[in-house]
Amino acid sequence: MDNLDNLIADIQRFEAIISEWDESQRCVAVGFQRAIEALHKAALTNLIRSLKQDNISALCHAVDNEIVYAVLLYHNLVKLPLSERIETALTEIRPSLQSHDGDVELVAIKLPDRIDIKLVGSCSNCASSTLTLTQLVEQTIKKYCPEITNIVAVNNTPNATLAPIYTNSYWMGVANVNDIPEDHVLPVKLENQNIILYRQGNNISCYRNACYHLGVPLDNGKVENGIVTCVSHQFQYDLKTAECLTVPDISLQSYEVRVKGDNIYVKVEK
C-alpha cells in the first residue's frame, strides 16, 4: 500500500493540473471533489458511530493508522493531539510577542485541564505581562484547546510560585456533601453552566456535565468503580482524574472545589 506521503503527492499533482484549467472547468472539478468528500464524510461518520457503539477498541486501533487518522482529521472527525494543538496556538501568538522582543514557552502539560507557560525576553519583565497573558495567550490557547481551563504563568524569579492567570473569580455554594451518594454523581446548576459533583469517600470532584463527544449530559450515565459511561455513545471518563478512557488526549472540564464543613463550594471564573 502506498504510504501517506505518496498519496498526498498524488493529490497535489492533480491539484496542480486543475489549477491550469479555466474557471468553468475548475468549478466542475471542485464541485465533483466536494460531492465525493461529502459522501465519504457521511460514510465515515456512520462507520465511527457504529464502531463506538459496538467495538470502540477496534475504532481506537484503526485511528492509530496514519492514513486513517489523516483522512479523519481532514474531515474534522478527530482532533489533533493536545500537545500539537497547544503548539499551534503558541505559534499563532509568537509573532505578536516577538514584535516586542518577547516570546512564550510551554513549560508543562498537566492533565486533565492545566498547562504551565512562561513569557520570555522583554515580556518576562513587562508590567503588562499579566494582561498580555489574559488577553492573548489564554484566549488563543482556549480557541484551540477548549478542554484547558487552567492556564498558569511561571514566574521567572528563582523558586517563585506559579501564578494563575485568573484573578476575577469567586466561590459559590452548590450542594451539601450528604446530597451526593457514595460513588455517584449529582447534577447541579452553576451560574449558566451545568456541572456534576462526584464523591468518593471524603474527596469531591466537579466537572462540566457534558460528554466531550457530543455534549450529552453525563448525569444519566452509569457510574461504576469511579468511571462514568455516557449513555449516548459509551464514552468513558475517570471521575478521579477527568481523563477520557475512550479517546486519548481529551478530558472533562474540571472545576476547583472546596469543602467547608458539609458545604461544597465551586470556583466560578468570570
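Select T140 first: this residue sits in helix α6, which spans residues 129–144. Helices here are DSSP runs of H or I with at least four residues, strands are runs of E with at least two, and both are numbered from the N terminus. The model is predicted, so local features need pLDDT of at least 70 and side-chain atom pairs count only at pLDDT 80 or more, while totals for chains, interfaces and linings use all residues. Residues are numbered from 1 along each chain as its sequence is written, and side-chain values use heavy atoms, with hydrogens and water left out.

Is T140 buried or exposed? T140 has a relative accessible area of 9%, so it is buried (buried means under 20% relative accessible area, exposed over 50%, partly exposed in between, with a 1.4 Å probe and protein chains only). Now show A89, E92 and I93: T140 is in contact with these three, leaving aside its neighbours within four places in sequence (contact means heavy atoms within 4.5 Å).

Next, go to E15, in helix α1 (residues 4–19). E15 is partly exposed, at 47% relative accessible area. Add V30, 15 residues away along the chain; the C-alpha atoms of E15 and V30 are 9.8 Å apart.

Keep E15 selected and add I11, Q33, E37 and Y74. Of the 18 residues lining the second largest pocket, these five are the closest to its centre. A pocket is found on a 1 Å grid over the protein atoms alone, as an open set of points where a 1.4 Å probe fits, with protein on both sides within 12 Å along at least five of seven lines; lining residues have an atom within 4 Å of a point. Colour the helices: α1, α2 (23–54) and α4 (66–74) each supply at least two lining residues, and α1 gives the largest share, 9 residues.

Then move to N225, in the loop between strands β9 (222–224) and β10 (227–229). N225 is not a glycine, yet its phi is positive, about 55°. N225 counts as exposed, at 64% relative accessibility.

The last residue to select is A242, in the loop between β11 (236–238) and β12 (254–255). A242 also has a positive phi without being a glycine, at about 75°. A242 counts as buried, with 0% relative accessibility.

Finally, zoom out to the whole chain. It has 6 helices and 14 strands, and 32% of its 270 residues count as buried.
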